[in-house]
Amino acid sequence: MLSRIAASAVLAVFSFSVHASDLSEAVQQDYDDYLWPLFDHFHRNPELSTIEVDTAARMAQELRNAGFEVTENVGGTGVVAIMKNGDGPMVMMRADMDGLPVEEKSGLENASRKTQESPISGNVVPTMHACGHDVHITSMVGTARHMSARKDAWSGTLMLVVQPAEERVIGAAAMKDDGIWDRFGTPDYALAFHVGSSGVAGVINVTEGSPYAGADTVDIIIHGVGAHGASPHRGNDPIVLGAQIVLALQTLVARELSPRMPGVVTVGSFHSGTKHNIISDRAHLQLTVRNTNGETREILLNGIKRIAENMGRVAGLPDDMLPEVIISTESVPPTNNNPELARRLREAWNTEIGGDRVVDKPPTGMGAEDFPFFTTEPQITSVYWGIGGTLQEDFDREADGGEPVPSHHSPLFRIAPEPSVTAGVESTVVALMELMGT
Ligand SMILES: [Zn+2]
Ligand SMILES: [Zn+2]
């Protein structure tokens, strides 16, 4: 199998200046012969964050078979695969591999029927690749096979990183804490992509800005004075104060951030009380706070503290009973693309893959990613791009009032593996060749 790929890849090397079609033909051939059954296997067998044991073992095997030097159990179930191929830059490519505790209802023939014991709750839960990470790891194997088959066309060190627990945004940090750079070298460039249901399958989306937001988790504990519900004057109601805090927080984004500076303050949970006629003595708010730079982050986090404490004063609480604002230490930095590298890769994709398949569509949401744990401290020049994963006919159906395209993490989520996987391989190979090609 590999020799057949090698033969077609060698052809592609010789005609690299006419390239585009040769590259996509070689990748398509490998998809039909090898990557589709591999994707099918991964899609049927998703594993939860931190316990991606079989997935990691299979990835290690695949990358070893492709000729890489493989180290397992880096930062938990993480896998690092290295191919040293002469002088040149060290380029790291990352693929996350975890599934989610979601019961798949996509109706696909290869829908997951797997269950696993959740490391969080201890309950047995259904698992699903409801974010498309199966596309990422399958593409990585395709990239490994392609780069291995055309070693004479590039020079440098290729580092493939199979990352656990992205969905819990702890996997990249765990690999970093396990000394990934000390053990294997600090890359000159770091790359990653995510497949997305909101893009047309096979289309590459690259921005010079910030494809993913930074995220903070904040808890607000509101202390009150409990009383009978019929005697509110005897207590200090934390539900009323909590409601005022929730509303006052809305002014942070609306009135304190520059309108050209994106930010989010969402109160995702509000818990208090036990019974109709009891005024509680405590309320608990849980927030997610998003930014695209440090300045925004500071304005929002300081503002939350200021509003919560001072609304407590408005409610007449003494200083030692003011609301407590707890900012989690598990903060995720924003994913910021290096503009110069983004432009360079976009040009390469335009030339090698075709301008009609490359877009610059800024994100509409403030989703977060843990990839920047790899690219900050030390700063590594990086680009994170998107690959569309939904067939045009599905968007057309939705536009005609039919079934909507399901979002990520939905039980109905479905990515068209073809051409998402091949676009993942092609875009990665072109990026690697741009950085390491000879
Ligand atoms: Zn996800
Ligand atoms: Zn994801």
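Which residue forms a salt bridge with Arg 64? The partner is Glu 72, with the closest N and O atoms 3.1 Å apart. That pair appears again in one of the views below. The model is predicted.

**View 1. The zinc ion (ligand 1) is held by Cys 131, Glu 167 and His 409.** Cys 131 gives its SG atom, Glu 167 gives OE atoms, and His 409 gives NE2. Glu 167 is listed twice among the donors. The coordinating distances run from 2.1 to 2.6 Å. The site has 4 donor atoms, and the angles among them span 54 to 147°. Its geometry is irregular, because a tetrahedral site needs all angles between 85 and 135 degrees. Along the chain, the donors follow the spacing C-x35-E-x241-H. Cys 131 sits in the loop between β5 (124-126) and α4 (133-149). Glu 167 sits in the loop between β6 (156-163) and α5 (171-177). The pair therefore ties together parts that are 36 residues apart in sequence.

**View 2. The zinc ion (ligand 2) has Cys 131, His 133 and His 194 as its protein donors.** The donor atoms are SG of Cys 131, NE2 of His 133 and NE2 of His 194. They lie 2.1 to 2.4 Å from the ion. The spacing of these donors along the chain is C-x1-H-x60-H. His 133 is buried, and its relative accessible area is 0%.

**View 3. Cys 131 bridges the two zinc ions, ligand 1 and ligand 2.** The ions lie 3.1 Å apart. The SG atom of Cys 131 is a donor to ligand 1 and also to ligand 2. Cys 131 is buried, at a relative accessible area of 8%.

**View 4. Thr 296 is buried in its surroundings, with 0% relative accessibility.** This residue belongs to helix α8 (residues 294-314). Which residues does Thr 296 contact, leaving aside neighbours within four places in sequence? They are Leu 257, Met 261, Pro 262, Gly 263 and Asn 291. Gly 263 is 33 residues away from Thr 296 along the chain, yet their C-alpha atoms are separated by 6.9 Å.

**View 5. Asp 40 and Arg 44 form a salt bridge within helix α2 (residues 20-44).** Their closest N and O atoms are 3.0 Å apart. The two residues are 4 residues apart, about one turn of the helix. Asp 40 counts as buried, at 16% relative accessibility. Arg 44 is partly exposed, with a relative accessible area of 27%.

**View 6. Arg 64 pairs with Glu 72 in a salt bridge.** The N to O distance of the closest atoms is 3.1 Å. Arg 64 is partly exposed, at 35% relative accessibility. Glu 72 is also partly exposed, at 34%. Side chains of opposite charge can pair when their charged atoms come close.

**View 7. Asp 394 and Arg 397 meet through their side chains in a salt bridge.** The N to O distance is 3.1 Å. Both residues lie in helix α11 (residues 392-399). They are 3 residues apart, so about one helical turn separates them. Arg 397 is partly exposed, with 30% relative accessibility. Elsewhere, Arg 94, Asp 96, Glu 369 and Asp 370 are joined into one network by salt bridges that share partners. The whole structure holds 19 salt bridges.

Conventions
Residues are numbered from 1 along each chain as its sequence is written. Chains are lettered from A and ligands numbered from 1 in the order in which they are written. This is a predicted model: local features need pLDDT of at least 70, side-chain atom pairs count only at pLDDT 80 or more; totals for chains, interfaces and linings use all residues. Side-chain values use heavy atoms; hydrogens and water are left out. Donors are N, O and S atoms within 2.8 Å of the metal (3.2 Å for Na, K and Ca); water is not among the atoms, so sites may look incomplete. Four donors count as tetrahedral if all angles lie between 85 and 135 degrees; four count as square planar and six as octahedral if opposite donors are over 155 degrees apart and all others between 65 and 115; anything else is irregular. Buried means under 20% relative accessible area, exposed over 50%, partly exposed in between (1.4 Å probe, protein chains only). Contact means heavy atoms within 4.5 Å. A salt bridge is a side-chain nitrogen of Lys or Arg within 4 Å of a carboxyl oxygen of Asp or Glu.
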